[in-house]
Amino acid sequence: MNLKHIVRSLAVAGFALAAALPAHADKTVLNVYTALETDQLKAYQEAFNKSHPDIEIKWTRDSTGIITAKLLAEKAKPAADVIMGVAASSMVVFDREKMLQPYAPANLKALNPRFRSAGATPTWVGMDVWGAAICYNVAEMQKQGLPRIESWKDLLKPEFKGKIVMPNPNSSGTGFLDVTAWLQMFGEKAGWDYMDKLHENIAVYTHSGSKPCVMAGAGEFPVGIAFEYRANTVRAKGAPIDIIFPKEGLGWDMESIAIVKGTAKLEAAKKLSDWATTREANELYAKNFAVVAMPGIATRLKYVPADYEQRLVKNDFEWMGKNRDAILAEWQKRYSTKSEPKK
Amino acid sequence: MKVAGLSTLPPGRRATFSERLGGPLLLLAAVALAIFLLLPLGALLLGAIRDDAGAFGLARFAEFAATPGMATAVWNTLWVALAVTAITVPLAFVYAYAIERACLPLRGLWRIIGLSALLGPSLVGAIAFIQWFGTQGVLKAWLGETSVYGPVGIVMATVYASFPHALMILVVALATADGRLYEAADALSASRWRKFVTVTLPGARYGLISAALVVFAYSVSEFGIPKVIGGNFQVLAVEIYVQVVGQHNFGRGAVVALLLLLPVLLAFVIDWHLQRRQQSGLTARAVPYRPRPDWRRDLPLLFYCLLLTTAMLGVLGMAAYTSLVRFWPYNLELSLDHYVYGLAEAGVLDAWLNSLRIAGLTALLGTPFVFFTAWLLEKGQGGPAGLRPLVRALAALPMGVPGLVLGIGYILFFNGPDNPLNGLYHTLTIMVIATIVHFYTPCHLTAVTALKGIDREFEAVSASLKVSPFVTLWRVTLPVCLPAVLEIARYLFINAMTTVSALVFLYSPETLPASVAILNLDEAGELGPAAAMATLIVLTSATISLLYSLVTHLLFRRHQAWRQGQR
């Protein structure tokens, strides 16, 4: 082996690496910002590409809080063409900032009228509802002799000290819908009082809405405040959890789609928006969520009760959007500075 | 040092064209380093002292100081780093002592296992410690009532991750000693302990200080570990991430980054000063110290090595085991599910390919650049006065700049709308460049050491034979320095494969590297797939290291036979 050989083989390796870079065909590339779960993206994208092979979706995925911050930060020079699968409460914020392009998707009339923004031409359209659920590890419950959970208030019992995980509302949309539901259900003062006491029992605040349920499923912490899609998948994987829907009512938000104002790819963006309101798309949503925008689609998640929709709290997106900053700042002030982990 | 700038030309002959090329080429290298190192740091400084309206001032710092919890984060960062230093350095010192100053069997094996943490991202330790000491961990009882999520977990995982860095320095520090000192001590019938305190420790003091500073800096700027295992324990490095990635508050991120940069930079300036003073440690008359077998010293040290290597293999093993268990902790059946469904089916395996690409390109582009620049610096001539000291300083600076800080500097600089290099933002290229710059200093030092080992007579002779210096470089210098060149390539490859800190700010959805993918998987709670990805990275680095040993072995037989006498 001499020097020339080494140089040559290194060069060959280099070209092989460079050739392995993905080749881009002649397609319209659509930048879509999303907070959808990674395991849902693939099915949506494949179904969309079946009818629109000429449009390539480039996902930028992160949790709701982070995607929202990113979109707000890029307000002056948006990189996104479409926002898909992001909370309606965030859409309200974007709408107030005049960042959204009003558009009535082809199938708008077929949707439940609650699943759209107000006004003649909607700026955002809902896809499905995602709502709160508690994952409770029954194996650990028995082992550690923990009490049953039926209501949100049950989580305040001293036995749960250091046993509960919940998402941080600043980064997670699931965390935000929990906090806003408590504030709307219990009232402002009682809501913060509730969270003060709950804080005493929280072991860790996570950044994603999925992690608490996954951790509960693995018995790392027995109680995870999460949402029904993740609860259902974790349960289906064989984790020893009960999914609990507290009796006071469940916080929820709406995954929705909107076109970013000023996008250079308006036509492609409209096509995605149209597709997102089709029956086909709604049937895909229904595989993940109990309540979807199109009425009459049978949606039975194995571990979610049939009357799920009736258990949701009354929700005011305008209020959530308008007070988003103030609520998050208050939460941050109260709970993020106390940094010592609880035993 | 002085010789470097002097002409090697025979008197009375004018430099040829190719000889005069050296200056401008070195200038080009300096410009490249300035663009990709100095300007991003400048942008960072500007970002910190300019408010949103563009006015200069310390408003951002005041705002930062007033933020609740920031004082706690500063204090936490500091005491954790001190604790990590206080634990890691003695642990690594005794380990290095066992390798260098005792007569242990399987010395090479202890050394390799001692350095094994370098093969994976720092997150490997964090994941493994969660599995060992978490709520479902086998060894949970060892921690009593304390949760692993918090300072305890951070300290353990950081000690694990920084151990090889300290070990490398201390092994070198203990490798050479003046045997006459020990003979004198024996003649004075000094006790074992007295010899250790009065001869061994002072001899290794620079290495000890250097190791302590490196570990301290590592701990201060480490971000993946507290993110994964830190629970709600706030530290500065994570705070930067939250500000920049979570809230897109680049100004605040820049302030925190500066706070992080200062202690690290200071540590390296102190270290650099001490290194310069160290030069006169060994004199020409020194007799190399050779340890003699002594079971009273060797047996406990052997036991110590066994203990530590068991712990280190336990960490790597737990990561690999986690990646194979079907559903921790309820179904301990082994399967490849996490690899197949968690990575390949979920589309995350592309991240591993991305990392291979980044690491391959970093090694292929970085190695020639580093070596050629070092060659121009050491063997070339010409160029404006002050150029050489400037390049030396630029090459030394990256050591004192944490990856996170570099990453934010890159965002602020390259994402500026007026920057003509704006097109680089979010590309694979910028990630490769950032990685080369981040790990520049050790590579540069390796190249310089190798080049300094070659007599300048070669250049003088070829100059008088009117052979172009580039031909000499290709025919003589490069073949002689080949081991160093390969070492640089290997170092760049493995670090590009495992680093998180700079890249976490620079990736786009298509260029997501494997190490950052681990972070994202962990954030979704997917510890199994995260461990699978970590295992893949460790296997890749191990393969490359093996390949490297094989190639160097062959090379030594064929090309470097002349070294036999020296070794």
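How many helices and strands make up the secondary structure of chain A? In this predicted model, chain A comes to 13 helices and eleven strands. Its C-alpha trace spans about 70 × 70 × 40 Å along the principal axes. With 343 residues, a compact globule would have a radius of gyration near 20 Å, and chain A has 22 Å, so the two agree.

Now for chain B. The unreviewed UniProt entry puts the annotation "domain: ABC transmembrane type-1" on residues 74-271 and 352-548 of chain B. Here is how those spans look in the model:

| Span of chain B | Helix | Strand | Distance between end C-alpha atoms |
|---|---|---|---|
| Residues 74-271 | 75% | 0% | 23 Å |
| Residues 352-548 | 73% | 0% | 21 Å |

The domain assignment cuts chain B in its own way: domain 1 takes 78-236 + 297-322, and domain 2 takes 337-381 + 419-567. Between the C-alpha centres of domain 1 and domain 2 of chain B there are 25 Å. Where they meet, 17 residues of domain 1 of chain B are in contact with 18 residues of domain 2 of chain B. On the domain 1 side, the elements giving two or more residues are α6 (123-133), α11 (224-229) and α14 (295-324) of chain B. Of these, α14(B) gives the most, with four residues. Sorted by class, that side of domain 1 of chain B has eleven nonpolar, five polar and one charged residues.

Then there's the contact between the chains, which takes 41 residues from chain B and 42 residues from chain A. Which elements of chain B supply at least two residues each to the side that touches chain A? They are α4 (70-101), α12 (236-246), α16 (349-379), α22 (469-498) and α24 (527-558) of chain B. The top contributor here is α16(B), again with four residues. By class, the side of chain B that touches chain A has 17 nonpolar, 19 polar and five charged residues.

One helix of chain B deserves a separate look. Helix α2 of chain B runs over residues 22-49, and at 1.5 Å a residue its 28 residues should span 40 Å; the end C-alpha atoms are 39 Å apart, so expectation and model agree. Where does α2(B) bend? The spot is B:Ala34, and the bend there is about 40 degrees.

Key. Residues are numbered from 1 along each chain as its sequence is written. Chains are lettered from A and ligands numbered from 1 in the order in which they are written. This is a predicted model: local features need pLDDT of at least 70, side-chain atom pairs count only at pLDDT 80 or more; totals for chains, interfaces and linings use all residues. UniProt positions are given in the numbering used here, feature names are shortened, and annotations may be inferred rather than shown by experiment. Domain bounds come from an automatic or database domain assignment. Two residues are in contact if their C-beta atoms, placed from the backbone, lie within 7 Å. Ala, Val, Leu, Ile, Met, Phe, Trp, Tyr, Cys and Pro count as nonpolar, Asp, Glu, Lys and Arg as charged, and the others, Gly among them, as polar. The expected span of a helix is 1.5 Å times one less than its number of residues. The bend at a residue is the angle between axes fitted to the seven residues ending there and the seven starting there. The radius of gyration is taken over C-alpha atoms; the globule rule is 2.2 Å times the number of residues to the power 0.38.
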